[in-house]
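Biologist: Hi! Could you walk me through this one? I'm new to it.
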Amino acid sequence: MNLQNSRTRWFLEFDRRAVPEGLATRRQLRDMGLSPGDNEGPVAIVRCKLCATRPQWSCTYPTRGFLLRVDLARPKRSPTLAQECALDRAPAARSTCPQCRRRYYFCLPLRTQGCCDPCARGYEPSPDTYFTSTAPVTHRLAA
């Protein structure tokens, strides 16, 4: 693939409220429950506010939006139970102290301290900073 041709590719440009039916940004696709799917790349650009008032300009600002075709979009995939479980274990590992095994409501400085502040400084933590459940939790889904 020739990189020079991909950099000089021209897109149609539309003002914010003049986008034709069938085109949407990634965020709009996400709100509709769709993923980009078979879209090879953007087909048009939504001009930013500044460039919309100056039609002779070409929009180069980061506030522009790339438009994708809605008919090529596909429904979002739903995560499997194993993926949801992994999404729950990652924040649990960052908020669980390896010494006292308490799970806090916030991320711990494990990279710098290696444990929670009460373990590092030798005091008893207040109960409102960690989960007080005594029953073993087998599964807490993040999604």
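Modeller: Sure, starting with a term: on a 1 Å grid over the protein atoms alone, a pocket is an open set of points where a 1.4 Å probe fits, with protein on both sides within 12 Å along at least five of seven lines, and its lining residues have an atom within 4 Å of a point. This is a predicted model, where local features need pLDDT of at least 70, side-chain atom pairs count only at pLDDT 80 or more, and totals for chains, interfaces and linings use all residues. Residues are numbered from 1 along each chain as its sequence is written, and side-chain values use heavy atoms, without hydrogens and water.
Biologist: What volume does the second largest pocket have?
Modeller: About 200 Å³, counted as the space filled by probe spheres set on the points.
Biologist: And which residues lie nearest its centre?
Modeller: Arg16, Val19, Thr25, Gln28 and Val46, out of 11 lining residues. By class, that lining has 4 nonpolar, 4 polar and 3 charged residues.
Biologist: Switching topic, what's the strand order in the open sheet?
Modeller: The order is 1-4-5-2, with mixed pairing. Strands here are DSSP runs of E, at least two residues, numbered from the N terminus, and two of them pair if DSSP finds at least two bridges between them.
Biologist: Which strands are at the edges?
Modeller: Strand 1 (12-14) and strand 2 (23-24), each pairing on one side only.
Biologist: Strand 1 and strand 4: parallel or antiparallel?
Modeller: Parallel, over 3 bridges, with Glu13 opposite Ile45.
Biologist: And strand 4 with strand 5?
Modeller: That pair is antiparallel over 3 bridges, and Ala44 stands opposite Leu67.

Terms used: Helix = DSSP H or I, 4+ residues; strand = E, 2+ residues; numbered from the N terminus. Nonpolar A, V, L, I, M, F, W, Y, C, P; charged D, E, K, R; others polar.
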